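Welcome, and thanks for taking a look at this structure. Here is a short briefing to help you find your way around.

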Amino acid sequence: MTPLEQFLIRAESVLSRVESLLPPAVEAINWDVPSVAYRWRRRNGRGTLQPITHSTRISLPDLYFVERQKGLLEQNTRQFIEGRPANNVLLTGARGTGKSSLIRACLNQFADSGLRLIEVDKNDLADLMDIGELIAPRPERFILYCDDLSFDEGDSSYKTLKSALDGSVAAQPDNMLIYATSNRRHLLPERMSDNAGYTQRDGDIHPGETVEEKISFSDRFGLWLSFYPFSQDEYLTIVAHWLRSFGCTDRQVEEARAEALQWALHRGSRSGRTAWQFARDFAGKHL
């Protein structure tokens, strides 16, 4: 045995002893704590599922003017909790139009049927495999929820998600789906220089492949749902719904119309989120 081989054997032995002293990468979860939603967090170098004790109680009937998107996501989620094939979902479009709310409403709709949600920050996407191994033995069905997902130039964390969606040797657990929201349809930035690369002397030798990688990432989601800005009448209808849910009378709802339009003008957005925020402000002042 050569000196190099002896050194490698000793080094491997030392590394094995050190590894046995390190804490596990994933912290054990107390599943007896009742919760339908969790947040993935890293503490002291270990990942853990933190139960969310107070979650939004929004329901599917609370969401207006997204009937097509609502029907498709509800059907996909129903297939999932019933053990039938279902797709990972990407919800894209204008801000405040109900993307995140629709996912939370589906959770509330199917929580009694065993649906659970795990919120994962973009910076923790590298832990997707660990999360999958943690929940794979569980009887519940889990949605991994990534909100406001997008990636900057040079950000390589998207490769972990891309691999988890479709392409990894390790298959996605049967009891896990990924639902993501984004204001951009294509999650990676696309630049004019991507096209100019065809003529650049010192650019990418195969620029077409670079562009294809950026566009194809979104294709890994089996179901795309697009959301659009609301018209003035649609915005006012949503305002009225939330005002009535807070206990406002029909007369107060009518009186609030002008203020609601001014509120949207100042915010530069006629969205469901803007309507909700105005209704909270108006109801808090007048009830």
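The points below go through the cores, a pair of strands, a pair of helices, one histidine and some salt bridges.

Please keep in mind that this is a predicted model. A good place to begin is the largest nonpolar core, which has 45 residues. Helix α8, residues 232–245, gives the most to this core, and you will meet α8 again further down.

**The nonpolar cores**

- Within the largest core, the residues with the most contacts inside it are Leu-73, Leu-91, Tyr-235, Leu-243 and Phe-278.
- The share of helix α8 in this core comes to 7 residues.
- There is also a second, separate core of 25 residues, and Leu-125, Ile-131, Leu-144 and Ile-178 are among them.
- Phe-278 is worth a closer look: leaving aside residues up to four places away in sequence, Phe-278 touches Tyr-235, Val-239, Ala-256, Glu-259, Ala-260 and Trp-263.

**A pair of strands**

- Strand β3 covers residues 89–93, and this strand pairs with β7 in the parallel sense over 5 bridges.
- To find one of the bridges, look for Gly-93, whose bridge partner in β7 is Phe-227.
- Strand β7 itself runs over residues 223–227 and has two faces.
- On the covered face of β7 are Leu-223, Leu-225 and Phe-227, while Trp-224 and Ser-226 make up the uncovered one.

**Helices α8 and α10**

- Two packed helices are described by the angle between their axes and the distance between the axes.
- Here, the axes of α8 and helix α10 (residues 257–267) cross at roughly 115 degrees and come within 10 Å.
- The crossing of these two helices, α8 and α10, is right-handed.
- From the α8 side, the residues that meet α10 are Gln-232, Tyr-235, Leu-236 and Val-239.
- Their counterparts in α10 are Arg-257, Ala-260, Leu-261, Trp-263 and Ala-264.

**A histidine in α8**

- His-241 is another residue to look up in helix α8.
- Is His-241 buried or exposed? His-241 counts as buried because its relative accessibility is 16%, and the cut-off for buried is under 20%.
- Not counting residues up to four places away in sequence, His-241 touches Asp-62 and Tyr-64.

**Salt bridges**

- How many salt bridges does a search of the whole structure find? The search finds 10 salt bridges, and three of them, described next, make good examples.
- Arg-84 and Glu-82 meet through their side chains in a salt bridge, at 2.7 Å from N to O. Arg-84 counts as partly exposed at 38% relative accessibility, and Glu-82 likewise counts as partly exposed, at 48%.
- Glu-255 and Arg-251 form another salt bridge between their side chains, at 3.2 Å from N to O. These residues are 4 residues apart in helix α9 (residues 250–255), so about one helical turn separates them.
- In that α9 pair, Glu-255 counts as partly exposed, with a relative accessibility of 45%, whereas Arg-251 is exposed, with a relative accessible area of 64%.
- Arg-257 forms a salt bridge with Glu-254, and their closest N and O atoms are 3.9 Å apart. Arg-257 is partly exposed at 37% relative accessible area, while Glu-254 is exposed at 53%.
- Arg-257 also links two topics of this briefing: besides this salt bridge with Glu-254, Arg-257 is one of the α10 residues that meet α8.

How values were computed
Residues are numbered from 1 along each chain as its sequence is written. This is a predicted model: local features need pLDDT of at least 70, side-chain atom pairs count only at pLDDT 80 or more; totals for chains, interfaces and linings use all residues. Side-chain values use heavy atoms; hydrogens and water are left out. A nonpolar core is a set of buried Ala, Val, Leu, Ile, Met, Phe, Trp, Tyr and Cys residues joined through side-chain atoms within 4.5 Å. Buried means under 20% relative accessible area, exposed over 50%, partly exposed in between (1.4 Å probe, protein chains only). Contact means heavy atoms within 4.5 Å. Two strands pair if DSSP finds at least two bridges between them. A salt bridge is a side-chain nitrogen of Lys or Arg within 4 Å of a carboxyl oxygen of Asp or Glu. Axes are lines fitted to C-alpha atoms, for helices over the stretch in contact, and angles run from 0 to 180 degrees between N-to-C directions. A crossing is left-handed if the near helix is turned anticlockwise from the far one by less than a right angle, and right-handed if clockwise.
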